[in-house]
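Here is a walk through one chain, from a sheet to a core to the surface. Keep the viewer open and follow along.

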Amino acid sequence: MSMVKDSVEAALDLDEKSVYSHIAHESAEDIIRIISSIDAERARLRGEVIYYTDDWDDLIRQRIAKGKRHTAFDFYNPALLDIWEAKVKKVKALKNAEKIAYTLYAFVIALSIGLLFLAGSLIILPVLSIAPLVLFLRGWIRDRMDLSYYELTQFFIDEMAELVRRHGLRPENYRFKLFGNDYFGVKAFNQRSSTFVVEVEGND
């Protein structure tokens with residue numbers, strides 16, 4: 001009775017160099033999509049109109065799932081998997097907090113309008129008093145969301161650089177679009193289209 005091998009064992013029976021080359025290429029393609037999608041969301045947070053359709057949350061979940069399946073290969077840093085998950089949860093919590101703040105403000109406005117019809121006078125003071133708090137909360141939340149998006153993007157840029165360095169990939173084959181200019185370890189590939197590659201010593 002033949003024993004059924006899992007995907008990792010089967011892969012290891014193949015030519016090791018070609019297997020690792022294939023996984024490195026697949027991993028790099030995952031990362032460049034994640035980099036662009038997170039930075040696109042960060043740019044939208046700043047109010048920019050960005051036409052980029054990848055779902056960064058879904059891409060990271062796929063990446064985490066691959067990392068947990070292929071721990072026999074050295075293409076997924078288990079420590080980073082935990083960091084990504086924590087950062088994604090933080091961004092979602094901040095988004096929910098922003099929605100709650102707006103919902104609360106809308107409720108106060110609706111209540112004051114309701115009192116206008118019931119009591120014949122607009123109770124405007126609660127609306128005016130809560131407005132600065134809502135604006136402060138919105139700014140505070142958005143600052144922290146921006147930082148979280150930045151950290152996530154930089155984490156993946158760093159991982160991409162390590163992948164290129166370790167497995168001898170050509171950075172120019174893995175170009176990604178950036179909408180911000182405050183990241184480390186990248187260099188412009190095409191200034192007009194805002195495409196970048198990771199900057200790795202010895203790969204120029």
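In what sense do β1 and strand β3 pair, and over how many bridges? The pairing is antiparallel, and two bridges link β1 to β3, which covers residues 195-198. Bear in mind that this model is predicted. Strands of a sheet pair through backbone hydrogen bonds, either parallel or antiparallel.

Now take in the whole sheet. It is open, has three strands and runs in the order β1-β3-β2, with antiparallel pairing. The edge strands are β1 (176-177) and β2 (186-190), and each of them pairs on one side only. On the β1 side, lysine 177 stands opposite threonine 195 of β3. Turn to the other partner. β2 and β3 are joined by four bridges, again in the antiparallel sense. Here valine 186 faces valine 198 of β3. β2 and β3 form a hairpin with four residues between the strands. In this hairpin, serine 194 takes a positive phi near 60 degrees.

Next, step from the sheet to a helix. Serine 36 sits in helix α2, residues 16-45. Is serine 36 buried or exposed? Its relative accessible area is 2%, so serine 36 is buried, the cut-off being under 20%. What does serine 36 touch? Beyond its neighbours within four places in sequence, serine 36 is in contact with Tyr52, Phe176, Lys177 and Phe179. Lys177 is the residue that stands opposite threonine 195 in β3.

Go on to the nonpolar interior. The largest nonpolar core has 38 residues. Ile60, Phe156 and Met160 have the most contacts inside it. Which elements give two or more residues to this core? They are α2, α3 (56-69), α4 (78-119), α5 and β3. The most comes from α5, with eleven residues. Look at isoleucine 60 in particular. Leaving out residues up to four places away in sequence, isoleucine 60 touches Ile34, Ile38, Trp84, Val88, Leu152 and Phe156. Phe156 is thus both a partner of isoleucine 60 and one of the residues with the most contacts in the core.

Finish on the outside, with α5. Phenylalanine 136 lies in this helix, which spans residues 125-167. Its relative accessibility is 57%, so phenylalanine 136 counts as exposed; the cut-off is over 50%. Which residues form a nonpolar patch on the surface? Phe136 is one of them, together with Leu133, Leu137 and Trp140. Together they have about 410 Å² of accessible area.

Note on methods. Residues numbered from 1 in each chain as written. Predicted model: local features only at pLDDT ≥ 70, side-chain atom pairs only at ≥ 80, totals over all residues. Heavy atoms only, no water. Buried < 20%, exposed > 50% of the residue type's maximum accessible area, 1.4 Å probe, protein only. Contact = heavy atoms within 4.5 Å. Patch = residues over 30% accessible without salt bridge, like charges linked within 9 Å, V, L, I, M, F, W, Y side chains within 5 Å. Areas by Shrake-Rupley, 256 points an atom, 1.4 Å probe, with all protein chains shown as cover. Salt bridge = Lys/Arg side-chain N within 4 Å of Asp/Glu carboxyl O. Pairing = 2+ DSSP bridges. Core = buried A, V, L, I, M, F, W, Y, C linked by side-chain atoms within 4.5 Å.
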